[in-house]
Amino acid sequence: MEKSALQIARAAYQPKLPKALQGPVNVKEGAATQSVGNQEEIKALFPNTYGMPVVEFVPAESENKDAINVGIILSGGQAPGGHNVISGLYDGVKSLNRDSKLYGFLMGPGGLVDHKYVEFTDEFIDEYRNTGGFDIIGSGRTKLEKEAQFESGIEILRQLGIKALVIIGGDDSNTNACVLAEYYAAKKYGVQVIGCPKTIDGDLKNEQIETSFGFDTACKTYSELIGNIQRDCNSARKYWHFIKVMGRSASHIALECALQCQPNICLISEEVEAKQMSLDDVVEYIAKAVALRAADGNNFGTVLVPEGLIEFIPAIKKLIAQLNEVLTDPATGEPREFKSADEQIAFVLNSITAENMAVLESLPADVKRQLCLDRDPHGNVQVSLIETEKLLSAMVAKKLDAWKQEGKFNGKFSAQHHFFGYEGRCAAPSNYDADYCYSLGYNASRLISNGKTGYMSVIRNTTAPAAEWIAGGVPITMMMNIERRNGANKPVIRKALVELDGAPFKYFVSKRDDWARRTAYVYPGPIQYFGPTEVCDQCTKTLALEQAKG
Ligand code: FBP
């Protein structure tokens, strides 16, 4: 593989580990745990993996050094640092015993089911240390949830002598990891399953998990781009830039980018829902800010739009909930099959209430089509395909035209559109993500050598220097509750949305009126890998505000 100068320099970077993982470890167990909701149902569904304690690793004199074969899977969307989780796990199992082996299943969970794998070697791993992407083994969105898949998986695991499987994924993939851990435990197959918190969306976090890996690098990458646009915007002074950012349902990415860049407007889906805003209310909110700036002679600005916004507008949320119900076959709980897109749309139109039909009809044709048709394998609306930024700017333009007729607006409004998502998912991991991911992987090796299953690898206290980070594991059942998914009640990890009483949002609210009117842009610039710590080693503003004491 040919390499850039930065890649060569980065390959030599040795990620930092918490002090507790720098030598042999002992397990310190906490009290028994409960799920975050629906305790009785979750306990009944996970009799073998429910209630286990949170564990923390502490330094020890010696530890079990038996060789162990481990498998690893990358699941779902790419997130910076995935390669470091793998190299951390590789170094972890090899540090226990040079005869340990690490296998990677190819192209996501499907690789386990279809028996497609590679064995990692020193040379192979060295090519990928501290690099972005998931290309080392590829990723996929196959849902691992059926007995036949678990049984097919155990065949190859036995063949390779694999005693533990690490699944790197978001909330859905870790939910499936938990189901698999329970299944293998119930069957006494002797295979442990460990999850690892990944997603740029930042929505896999809770009391125990400070952040999902990749959020830091992805947000810094988008913030660099947004900062560049803001500088262009403030130079030409003729456009309003509507910038949609990824994040699926949650607005964590939009909020973090706003904290970093201070745009004129940042919409937060969770607030739109809490305030029961209609699409027209959102448009009016933006149009008013445009008019205010125009009154000061500033016919330019920036608007950040979280990609899940449309799902949070209460009327549209209700519509999507019904679409999800009608598109699920009640007999199987699986998506209904249709011969063509037209047949699916016709079926939908005949099946929804008049109220939802009116909402659907009020939307532009392409959005309407997206909502009726596409779902990912986990049943999520594919919000990244809906061009909300264009929808909003067109509606704002229309409103401003009407205000012009009424003499309420006499500025200019011209829009540019951007969507940042794929640009940030495979960026070279920041120092934070490089260290965090390597530690998560290394830590997983110790969860395995200590016989744990149904746990997620967890590293905490990450706003402190890496040596002080706390390493351990949290039972995945602890994060679960029952939610309605695809027309059925399912045990799932509770997704973390932006908390409106949380410190990051409150800070944003204290500043946003000022940022809306004034040109208060900040230009964060590119991620720095080498240089002073205050430039290279800062965590996200979200995490810093969340963890700030007092
Ligand atoms: P994960 O939740 O799997 O980490 O994926 C995150 C994400 O990047 C979302 O922000 C986005 O909506 C989605 O993936 C896009 O999916 P795809 O890669 O299939 O286009």
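Which way, left-handed or right-handed, does α11 pass α17? Hold on to that while we get our bearings in this predicted model.

Start with the two helices themselves. Helix α11 covers residues 279-295 and helix α17 covers residues 388-405. Their axes sit 9 Å apart, and the angle at which they pack is about 65°. As for the handedness, α11 passes α17 in a right-handed crossing. If you want to see who is touching whom, colour L279, D280, V282, V283, E284, I286, A287, K288, V290 and A291 on the α11 side. Facing them from α17 are L391, L392, M395, V396, K399, L400 and W403. Sorted by class, this contact of α11 with α17 has 13 nonpolar residues and four charged ones, with no polar residues. The spacing within such lists is worth a thought. An α-helix has 3.6 residues a turn, so residues three or four places apart point the same way.

Now move to another helix pair, α9 with α20. Helix α9 spans residues 252-261, helix α20 spans residues 503-517, and their axes come within 10 Å, crossing at roughly 55°. With that angle, α9 and α20 are therefore oblique to each other. Here the handedness is left-handed, as α9 passes α20. The α9 side of the contact is L255, A258 and L259, and the α20 side is P504, F505, Y507, F508 and W515. By class, the residues of this contact come out as eight nonpolar, with no polar and no charged residues.

How much of α9 is buried? The count is 10 of its 10 residues, so the helix is mostly covered. The buried set runs through H252, I253, A254, L255, E256, C257, A258, L259, Q260 and C261, and a glutamate, a histidine and a glutamine are in that list. What do the buried residues of α9 pack against? Their partners are α8 (215-236), β8 (240-245), β9 (265-266), β10 (301-306), α20 and α22 (541-547).

The stretches around α9 have some backbone angles to look at. Most residues other than glycine have a negative phi, and most peptide bonds are trans. Just after α9, though, Q262 takes a positive phi of about 55°. On the other side of the helix, in the loop between β8 and α9, you'll find R248. R248 is not a glycine, yet its phi is positive too, at about 55°. Go back to the loop between α8 and β8 and there is R237, with a positive phi near 50°. Are these two arginines buried or exposed? R237 is exposed, because its relative accessible area is 51% and the cut-off for exposed is over 50%. R248 is buried, because its 18% falls under the 20% cut-off.

Next, follow the chain to S269, which lies in helix α10 (residues 269-274). Its relative accessibility is 0%, so S269 counts as buried. What surrounds S269? Leaving out residues up to four places away in sequence, S269 touches S249, S251, P306, G308, L309 and F312. One of those partners also takes part in a polar contact: the side chain of S269 reaches the backbone nitrogen of L309 at 3.5 Å. Compare that with D366, which is 97 residues from S269 in sequence and 21 Å from it in space, C-alpha to C-alpha.

Past α10 comes K275, in the loop between α10 and α11. K275 counts as exposed, because its relative accessibility is 52%. From K275 to L102 the distance is 50 Å, C-alpha to C-alpha, with their positions 173 residues apart in sequence.

To finish, jump back to V27 in strand β1 (residues 25-29). V27 is partly exposed, with a relative accessible area of 26%. How far is V27 from L447 in space? They are 420 residues apart in sequence, but 8.8 Å apart C-alpha to C-alpha. Setting aside neighbours within four places in sequence, V27 is in contact with V55, E56, F57, N450 and K452.

Definitions and conventions
Residues numbered from 1 in each chain as written. Predicted model: local features only at pLDDT ≥ 70, side-chain atom pairs only at ≥ 80, totals over all residues. Heavy atoms only, no water. Axes fitted to C-alpha atoms, helices over the stretch in contact; angles between N-to-C directions. Helix = DSSP H or I, 4+ residues; strand = E, 2+ residues; numbered from the N terminus. Left-handed = near helix turned anticlockwise from the far one by under 90°. Contact = heavy atoms within 4.5 Å. Nonpolar A, V, L, I, M, F, W, Y, C, P; charged D, E, K, R; others polar. Buried < 20%, exposed > 50% of the residue type's maximum accessible area, 1.4 Å probe, protein only. Parallel < 35°, antiparallel > 145°, perpendicular 65-115°, else oblique. Polar contact = N/O pair within 3.5 Å; in protein donor to acceptor, adjacent residues only side chain to side chain.
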